[in-house]
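Colleague: Could you take one helix of this model and go through it closely, and then set it beside what is computed for the rest?

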Amino acid sequence: MVVVAVTGKGGTGKTAVAALLVKFISERTPNVLAVDADPDANLADALGVEVERTLGDVRELFQVTRESLGTVDKESWLEGKIFEVIHEFDRFDLLVMGRPEGEGCYCFVNNLLRGILKKFMRHYDHVIVDCEAGLEHFSRKTIEGADYVVVVTDTSRKGLKTAKKIRDLVRELGLNFEEIFLVGNKVGSEEAKRVIKEFAEREGFVLLELLPYDERVVELDLRGEPVVNLPEDSEFARKVRLIADVLVGWCR
Amino acid sequence: MVERRKVEIPEGKKVKVSVGEEDFPFEISPMFEGERIRKGDMFVELAGPKTVGFELVISLPPDQVEDMKATLVGIDVDEMEEGGRYPFAMIYYIAGEKIDPDIESVVERRNHEFQNYIEGYMHINSRDTIWIRIGKNLMKKGLKSLLQIAKATMLLYKNEMPFIEKIEALYITDRELIEKLLNELARPIYEERDARVEKLHDEDVEEFYSCSLCQSFAPTHVCIISPDRPALCGAITWFDARAAAKIDPEGPNRPVPKGDCIDPIGGEYSGVNEFAKQESGGAVERVKIHSFFDAPHTSCGCFEAIGFYMPEVDGIGFVHRGYPNPAPNGLPFSTMAGQTGGGKQMVGFLGVGLAYFRSKKFLQADGGWYRVVWMPKELKEKFLKYIPEEMRDKIATEEDAKTIDELKEFLKRVDHPVVKGVVRPVDGKRITEGWVEEREEEEVEEEEEEKEERREEKVPSLPKVTPLAQPTAPTIKLVIKNAKIYIDKIIVRKVEEEKTKR
């Protein structure tokens, strides 16, 4: 099992990248799990699929029902519900983590979740996680660790600053990753390319690709269409495919 | 209690039996846990949300159980169509010296785990919501009969749970029989087990269980979970902890032998004290699980409600997490929570789980509901039926009182037991003196010959008051008029000296 975390400041295009990675990786290998770990969940839309329930819904349901479960085994109750929340599609499965914790004590339920998710995820070859810059599920260890972290940034000051913060956070959390990659997005001019290359070198990222600002990505979004519908011969799609190849190949 | 007996197989049903050894064309290993059989890879689905099924473990006397025998009633896999869905039930009979009906659910729980060890076989949920998928890969490997699954599972049981001396399996794919047994045997037993939760008490069991899940937040905190005292986070009952401890005795939930009962009313046990001392690194030496004032239970900070003592009325109030306003003592939940958490024993505050309000031993040592003077309306209504009838109108809510003065008025008006003195129901002992009539002046005198630690009976005492230092000079007179005092430090000086200074 290889876990790839795709993260970055909101608005930099990480979900588009994550969705296309899911598409291309699942074309090459079976057993792919896509995980939307961003509380502002939109990976399903980007992939063009619909999800009825999230892990957060199940977790909240547990918090309110646990008293009336009597002597029913809580762990297998939870496991059964999570099984239902992992949605099966043609080429991949999708788990949407959903809302973050509410008030009250989550020690017990998170402890159960950790074990259950670990058990389920083990059986996938690739797990691609779309997560926000705070990396909540990694910090709580509901997802145990990432092998590869792909940080998406644009050329804005804020985007770069966040990229750096993520890098520091990943190290702090002791995620035991093998490599942190950087992907530059919406890179137009030569100047922009230079900025990102220098940033990558300075901060110790392995720079994977520089993705162009693609009007069609914006258009799809505007029309409410999934980004995976992007024509495969577009520069954006081709480059993400190259990233997918690197990730699949790197693991061997 | 629902009678435990072997199922009689009706005449005319298709029956297959296996008594000897079976060979397993499939692999069995924990690494297959969590293996997901997707719809496309599925040979058949058994039970599940779109049909019927259940799993059940029942204990029987040893002479009724034929060890390692497996029986199947109804069609087998070789007669099932690919992509089909069939009803399915599994019953296991177990026998052994240590086996009794109480242990059934602990054993039943593991069917899920063990069956998932089988390559190409997926088991989800429990009881009457089980959901099973047999993968095409398992059929390809050569699975011929469900009896092979039964045998493999029983072997795992005997291996992992040596107290099971004999085990026999009955698997059923016959819908009629499944539905009959579901209504006559399985569901009544599940209900009986759930009802038992309310009826089991501290004295009925040999051990309690600990939980150290939140020790990362409070290293000296350990919860002691007993049938009458569930975990303060609200998540774990004695049954949950027992099941978890059976599976992983070195995990966050471990058995705590009671030892000798030192105090049945306060709930103090020698074994529990030992355990507490060990686990808290010596920080906690004694615990009374049903006491507010004496060696109270510690908390990590995630309790669902907090009890607080109000000396002005000599009563205990409760406020739950999520209640937005300050309690009559002027403090909101968050501030009090800060006092109580972190694994310290803070006399005057106690974090509890909401389930504790349902306990028959609720704050037994201190008078239980007869000592409770205030709680938010939302909380009171939720647990109204557990409050003794005569106390229901005597416990104030925010609608009756928001401040101490209002509370005092209310309690006097309804003649709450704290006013005259509380008699605790469990043994009829009078445990508080009641309020003293207010006088204009209250004088407190300290004299040379007096003993150092003299508790003040005249003013309701605050917990952990530092004893006054002994004056070595002529008598000091302290005059206290109508005041609520919190003393951080008292400086005692000779009267003559006072004149020359300043």
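What follows is a close look at one helix, with some context from the other chain.

Modeller: The model is predicted, and the part I would take is helix α3 of chain B, which runs over residues 146-160. This helix has 15 residues and spans 21 Å from its first C-alpha to its last, close to the 21 Å expected at 1.5 Å a residue. As for its surroundings, α3(B) is mostly covered, with 11 of its 15 residues buried, where buried stands for under 20% relative accessible area. The buried residues include Leu146(B), Leu147(B), Ile149(B), Met154(B) and Leu156(B), and among them are also Gln148(B), Lys151(B), Thr153(B) and Tyr157(B).

In chain A, helix α1 (residues 14-28) also has 15 residues and reaches 21 Å, close to the 21 Å expected. Of the 15 residues of α1(A), 13 are buried, so that helix is largely enclosed by the rest of the structure.

Chain A as a whole has 10 helices and eight strands, and its radius of gyration of 18 Å is close to the 18 Å that the globule rule gives for 252 residues, so the chain is as compact as a globular protein of that length. Of those 252 residues, 58% count as buried, and among the contacts in chain A with a separation of 6 or more, 80% come from residues 24 or more positions apart. The area that chain A exposes is about 10,600 Å², with 46% of it supplied by carbon and sulfur atoms.

Note on methods: Residues numbered from 1 in each chain as written. Chains lettered and ligands numbered in written order. Predicted model: local features only at pLDDT ≥ 70, side-chain atom pairs only at ≥ 80, totals over all residues. Heavy atoms only, no water. Helix = DSSP H or I, 4+ residues; strand = E, 2+ residues; numbered from the N terminus. Rg over C-alpha atoms; globule rule 2.2 N^0.38 Å. Buried < 20%, exposed > 50% of the residue type's maximum accessible area, 1.4 Å probe, protein only. Contact = heavy atoms within 4.5 Å. Areas by Shrake-Rupley, 256 points an atom, 1.4 Å probe, with all protein chains shown as cover. Expected span 1.5 Å × (residues − 1).
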